[in-house]
Structures are given as structure tokens and as C-alpha cells.
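Colleague: Please take a close look at one part of this model and describe it as a connected whole. I would like to follow it from one element to the next.

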Amino acid sequence: MRIDFQSSPRPTLGVEWELALVDADTGDLVPVAAEVIAAACDAGVESLKVKKELLVNTVEAVTGICDTVAEAVDDLAGTLSSLRAVTAPMGVDMFAAGTHPFARWEDQQVTEGDRYATLIDRTRYWGRQMVIYGVHCHVGIGSAAKVMPIVSSMLTWYPHLQALSASSPFWSGQDTGYASNRALLFQQLPTAGLPFQFSQWSEYTAYVDDLMTTGVIDGLADIRWDVRPSPPLGTVEVRVCDGLPTLQEVAALTALTHCLVVDLDRRLDDGGELPIMPPWHVQENKWRSARYGLDAEIILDAAGHERMVVDDLHDLLERLAPVAKQLDCVAELDSVADIPVRGASYQRQRAVAEATGGDLRAVVRSLVAELRDGL
């Protein structure tokens with residue numbers, strides 16, 4: 001099977017940010033995405049910048065093709081402002097996190113459309129539970145030959161991205177004990193979760209051909225890997241992150257992702273060999289970062305050396321500093337270091353719950369306030 005990768009002439013950037021729609025009084029999810037999107041488009045928002053998702057309690061803000069993190073964040077800020085102008089008169093608030101703290105998945109409605117209907121018909125119980133939200137970051141790649149080595153190598157820093165973005169400790173009104181319950185929920189879908197670590201584009205195309213032949217997928221979008229190629233866009237798409245509650249955190253994690261992918265791309269240009277972790281270590285690191293977040297001890301290499309993720313993060317940011325300078329995102333990359341100091345979202349949410357005697361509506365209010373006011 002031939003899959004054309006629309007190569008990107010430069011390391012462009014695109015971000016997709018999923019936002020939950022909640023009742024301003026109760027904090028519960030509300031099924032008004034269609035109305036919100038229609039009103040936003042009527043008010044002049046480009047249709048490509050606000051999209052529907054699986055559930056009708058969700059809208060997705062999507063940037064155009066950007067060159068810098070600052071440009072992407074400005075794009076998202078403009079869309080967010082336009083959405084807020086529509087939602088406020090409706091009595092609807094927005095927040096961004098990996099999950100809603102107390103909403104019941106059984107009560108959520110699925111967006112109309114053949115693709116979503118087919119997904120739910122096939123996946124049933126697990127598909128209906130996908131009341132989850134994330135941030136996806138696209139980085140332009142110049143050649144299909146580079147894509148699978150970069151996808152595989154990016155898994156080395158999976159736990160760093162997951163721990164920093166973890167924002168889904170609560171599920172259906174309970175504390176799960178995990179920093180990111182979303183990470184483990186999402187991987188229950190067919191073809192979701194960690195990618196196969198192919199080294200050649202031909203291996204990927206053969207895999208897609210097998211899936212199409214056996215009816216596992218109808219198209220490339222049905223491959224829901226945490227890190228995946230996006231051939232029509234000419235990008236590697238990093239989908240590791242939980243929903244990020246603030247623009248500052250979106251900027252920080254986008255900068256980290258952009259720098260990591262571009263660094264790997266340039267290493268290939270220089271004839272270097274990219275670091276690859278054994279799949280069993282990658283899988284364990286995903287579980288550890290989902291469970292423990294910033295307190296995770298992660299596996300660093302095939303030899304089994306281990307280190308606390310926050311300690312390894314310090315060295316990683318130092319190594320990527322020259323790349324950030326070249327990509328004009330020094331301030332945004334530097335702000336990554338603020339997250340462990342301030343506390344990741346899962347930690348902030350738990351702190352609010354503890355301070356209010358377990359009031360998860362207060363947690364929702366705090367998330368709404370963070371999106372509105374920043375940190």
C-alpha cells in the first residue's frame with residue numbers, strides 16, 4: 001500500500017486543544033457543542049479553528065500552520081476569546097483537563113456522524129467511556145524516511161510529557177489514585193495507545209495495509225497512537241498530553257514537544273543514531289508516569305538505569321536550550337521548569353479537593369478559573 005507523506009519544508013507547528021463545556025452553575029458537562037460551534041462560526045471564527053469531537057460536551061480549538069510556539073498560543077488565545085464570547089451568554093463555562101472530575105460517562109451524548117457511530121458500535125462499553133480531553137501537537141517533518149525513527153525515539157520522553165501534563169486524577173466522582181487516568185482509559189480503544197516501534201516507512205505502510213485489509217480501520221485517522229504520523233499534514237503528531245488547563249501550560253508543553261522533535265530531526269540530518277527504548281520499558285514508563293506523575297521514577301535506557309523524572313527533566317531542558325533559541329521559544333521552554341515547582345494540574349486539583357472537604361464542584365470551578373485567568 002502506498003501512503004504519501006506530504007513533507008513539510010520547515011518544522012512547522014500546529015496545536016489541537018480539547019475543551020470541556022460545563023454548566024456555569026452546576027459544573028456538570030452540557031451537550032451544547034453544536035450550538036457553540038455554530039454560534040462561533042456565525043460570529044466570524046474560521047470553521048477550521050473550532051471542531052466537534054466524539055462527545056457533544058467538547059469543542060476543539062485548532063491552530064493554523066504556525067512557525068513558533070508564540071504564534072500558536074496567540075492563535076489559540078484568539079479562538080478561546082471568541083468561544084468565550086459565545087458560551088458566556090449561554091450560561092456555559094469551559095475548562096481543559098484530562099477528565100471531568102465527577103461527570104458520569106453513561107450520561108454523555110455522542111456527536112452525530114457515521115465515523116463516531118461506527119466507533120461506538122464497535123467499542124461499546126470502552127468507547128462510551130471516552131469522556132477524556134487532550135492536547136495534540138503537530139510538528140512538520142521534511143521526509144517520510146525520518147518519521148518512524150522520530151516516532152519511536154519520542155517514546156523515550158513519553159513519561160516527561162505525561163507527568164508534566166497529567167490532569168486527570170478524578171473519574172466519575174472518585175480519586176483514582178492516578179495522576180493521569182486518561183492515559184490508561186484511552187489505550188483501551190483498538191489501535192490506541194503506544195505505537196509500534198517501526199524503523200522504516202515501509203513497515204508502517206505494510207501495517208496500515210494489513211489493518212485496512214482486515215477491516216480494523218477505515219482510514220488513517222482510526223490509528224489513534226499516542227505518537228503517530230499524520231501523512232496528509234506532513235507531521236509527527238504527539239498526543240501524549242492530558243488536557244492542559246491554561247495557555248501557559250499549553251505553551252510550555254508545546255515548546256518542549258517542538259524542541260524534542262526538531263532535535264531528533266536534526267540528529268538524523270547529521271547522520272546520528274536516535275535513542276530507542278525497549279518497548280517493555282516504554283510501556284512501564286507510561287504506567288509509572290500515569291500513576292505517579294511528577295513523583296515517578298522512570299527507566300532511562302535499555303540497561304535499566306532509573307532516575308526521578310523531575311531530575312531528568314532538568315538535564316533535558318538544559319540540553320534543549322540551544323534548540324529553543326533557534327526555534328524562538330526560550331521563554332516557553334524555560335516555563336516547563338515552573339510546573340514541578342507550582343504543581344501539575346493533578347496536584348492542584350487534589351489540593352482543591354482536600355481544602356474543600358472533597359467538593360469536586362469546587363475542583364471544576366478552579367479549572368474554569370485557571371482557564372479564564374491563568375496561573
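Modeller: Two strands pair if DSSP finds at least two bridges between them. Strands (E, at least two residues) and helices (H or I, at least four) are DSSP runs, numbered from the N terminus. This is a predicted model: local features need pLDDT of at least 70, side-chain atom pairs count only at pLDDT 80 or more, and totals for chains, interfaces and linings use all residues. Residues are numbered from 1 along each chain as its sequence is written, and side-chain values use heavy atoms, with hydrogens and water left out.

Start with Cys-137, which has Val-238 of E11 as its bridge partner. Cys-137 belongs to strand E5 (residues 135–140), and E5 pairs with E11 in the antiparallel sense over four bridges. Strand E1 (residues 13–23) is also antiparallel to E5, and five bridges join the two. In that pairing Cys-137 turns up again, as the bridge partner of Val-15.

Six of the six residues of E5 are buried (under 20% relative accessible area, with a 1.4 Å probe and protein chains only), so the strand is largely enclosed by the rest of the structure. Val-135, Cys-137 and Val-139 point one way from the strand, while His-136, His-138 and Gly-140 point the other way.

Val-238 leads on to another strand, because Val-238 is also the bridge partner of Val-227. E10 (227–230) runs antiparallel to E11 (235–238), and four bridges join them. These two strands form a hairpin with four residues between them, where Gly-234 takes a positive phi near 70 degrees. From E10, Val-227 and Pro-229 point one way and Arg-228 and Ser-230 the other. These four residues are all buried.

E10 and E11 also bring us to a helix. Both strands are among the elements that cover the buried residues of helix H4. Others include helix H5 (158–165), helix H7 (201–213), strand E9 (224–225) and helix H8 (247–269). H4 spans residues 144–154, and ten of its eleven residues are buried, so H4 too is largely enclosed by the rest of the structure. The buried residues include Lys-146, Val-147, Met-148, Ile-150 and Val-151. At the start of H4, a side-chain oxygen of Ser-143 reaches to within 3.1 Å of the backbone nitrogen of Ala-145.

Now take H8 from that list. Two packed helices are described by the angle between their axes and the distance between the axes. The axes of H4 and H8 come within 10 Å and cross at roughly 130 degrees (axes are lines fitted to C-alpha atoms over the stretch in contact, and angles run from 0 to 180 degrees between N-to-C directions). The two helices are therefore oblique to each other (under 35 degrees counts as roughly parallel, over 145 as roughly antiparallel, 65 to 115 as roughly perpendicular and the rest as oblique). On the H4 side, Lys-146, Pro-149, Ile-150, Ser-153 and Met-154 make contact (heavy atoms within 4.5 Å) with H8. Their counterparts in H8 are Leu-260, Val-261, Leu-264, Asp-265, Leu-268 and Asp-269.

H5, another element covering H4, has a helix of its own to pack against. The axes of H5 and helix H9 (residues 279–292) come within 8 Å and cross at roughly 15 degrees. That makes H5 roughly parallel to H9. Tyr-158, Pro-159, Gln-162 and Ala-163 in H5 meet Asn-285, Lys-286, Ser-289 and Ala-290 in H9.

Last comes the loop between H7 and E9, where Asp-222 has its place. Asp-222 counts as buried, at 12% relative accessibility.

Note on methods:
Buried < 20%, exposed > 50% of the residue type's maximum accessible area, 1.4 Å probe, protein only. Polar contact = N/O pair within 3.5 Å; in protein donor to acceptor, adjacent residues only side chain to side chain.
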